[in-house]
Amino acid sequence: ADVVEFRGEHQAGIATPAQDRMHFVAFDVISDSRDDLIALLRTWTEVAERMTKGEQTYDNGATGGEEYSPPSDTGEALDLAPSQLTLTIGFGPSLFGTAEKDRFGIFSKKPAALADLQHFPGDILDPARSGGDIAIQACANDPQVAVHAIRNLARLGTGTVAVKWSQLGFGRTSSTSASQVTARNLMGFKDGTNNLKSEDTSEVSQFVWVDPKDDQDWMAGGTYLVARRIRMLIEAWDRTTLNEQERVFGRAKGSGAPKGSGAEFDAVDLQSKGPEGLLIDKAAHIRLASHESLNGIKLMRRGYNFTDGSDGFGHLDAGLFFIAFCRNPIEQFVPMQLQLSRKDLLNEYIQHMASAVFAVPPGVGQGEYWGSTLF
Ligand code: HEM
């Protein structure tokens, strides 16, 4: 149970139960050679599969190699369990180049759904922490296992890729399986209650996995990953009354139940009124993000809390590293975020600081490598 199968129809780390920790990295490809890129993807696949089983990068590993060479594995995961490590790869819009500069010969395979996200009201994005040619998401129940995996994959990429940015996360802010209890985000609210759950396979097929008929054949069984580094204005939030905090989300802080209801998983009643008006405010987060308010749109959230110390002004640099998987970001994430960015009560307490989108290829079968359907 401690090993999550690496190979399969879909990549692991999407609909598999969310682990507790994350290390997410975005790379730029610094080589112009298609062969270099493919060689790296093959190497990464082999090593990634080994690490998800709890093995070292290579057999000679941290201690078994040549005494006068750097060890092939950095060693900090020796003695640690596999910890349900999953490694998930995605390709950013920039990897596909342009018609004029098509360095890897894949421009014609760029899916229409893969485009840098538009600017949303309130965005203050840091370009140094946004985008990237290739992303790898490592999730595990032990932070050291996730960090070890990304560190060793980055090392193997030397000369072909350079790290653009990376993010550590903890305390999953979404449950992706009905078998998991709902964890809390750093605002103290249960997060993931009304998420798509992997057990609901028909909804997951409808909203997460790319269908062969959608666009590009090579993406069939894949999905898209949207990442947003959302800072929480923690100090302002912490001075807000409980009543206001619950109005912002439309749920009770303790139980997670929708306002006016008793238990966490009770159906959300968007119509009924109480003595103070609508039970769920017209600009409450769960109203605006609900499929009822968005012509039926849903997506699968799989984000993490982050705290990157303090910002130099004495404020905590903390928030939600939002990750969502969807079949088409332009048709799902964009309308949802557009509505939230315009009207959500939560906007007073958050700031979107970075943004990225990646095409996540299907899972690897025997003999295949990460992205082999693309090349
Ligand atoms: C629901 C927190 C940003 C989409 C929720 C809930 C919380 C929450 C506490 C209620 C529990 C649940 O059903 O999961 C946050 C925080 C955010 C944030 C703290 C930012 C820091 C976003 C963004 C999106 C989003 C950027 C998508 C663009 C959703 C959806 C739901 C939801 C779809 C379920 C709504 C329903 O009941 O149908 N969020 N959220 N959230 N959130 Fe967020």
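**A tour from the ligand to strand 2**

Begin by selecting the ligand: 28 residues surround it, and Phe 189, Thr 193, Asn 194, Ala 289 and Ser 290 come nearest (a residue is near a molecule if its C-beta atom, placed from the backbone, lies within 6 Å of it). The model is predicted: local features need pLDDT of at least 70 and side-chain atom pairs count only at pLDDT 80 or more, while totals for chains, interfaces and linings use all residues. Residues are numbered from 1 along each chain as its sequence is written.

Next, colour the shell by residue class: it divides into 14 nonpolar, ten polar and four charged residues. Here Ala, Val, Leu, Ile, Met, Phe, Trp, Tyr, Cys and Pro count as nonpolar, Asp, Glu, Lys and Arg as charged, and the others, Gly among them, as polar.

Then display strand 5 (223-232), helix 6 (285-288), strand 10 (316-326) and helix 7 (333-343), each of which supplies at least two shell residues. Helix 7 gives the most, with four. Helices (H or I, at least four residues) and strands (E, at least two) are DSSP runs, numbered from the N terminus.

Now select residues 11-170, where an unreviewed UniProt entry places the feature "domain: Dyp-type peroxidase N-terminal"; such annotations may be inferred rather than shown by experiment. The end C-alpha atoms of this span lie 21 Å apart, and the span is 21% helix and 20% strand.

Finally, select strand 2 (residues 86-91): six of its six residues are buried, so the strand is largely enclosed by the rest of the structure. Buried means that 20 or more other C-beta atoms, placed from the backbone, lie within 10 Å of a residue's own. Thr 86, Thr 88 and Gly 90 cover one side, and Leu 87, Ile 89 and Phe 91 are buried on the other.

Notes: A residue is buried if 20 or more other C-beta atoms lie within 10 Å of its own, exposed if 12 or fewer, and partly exposed in between; C-beta atoms are placed from the backbone.
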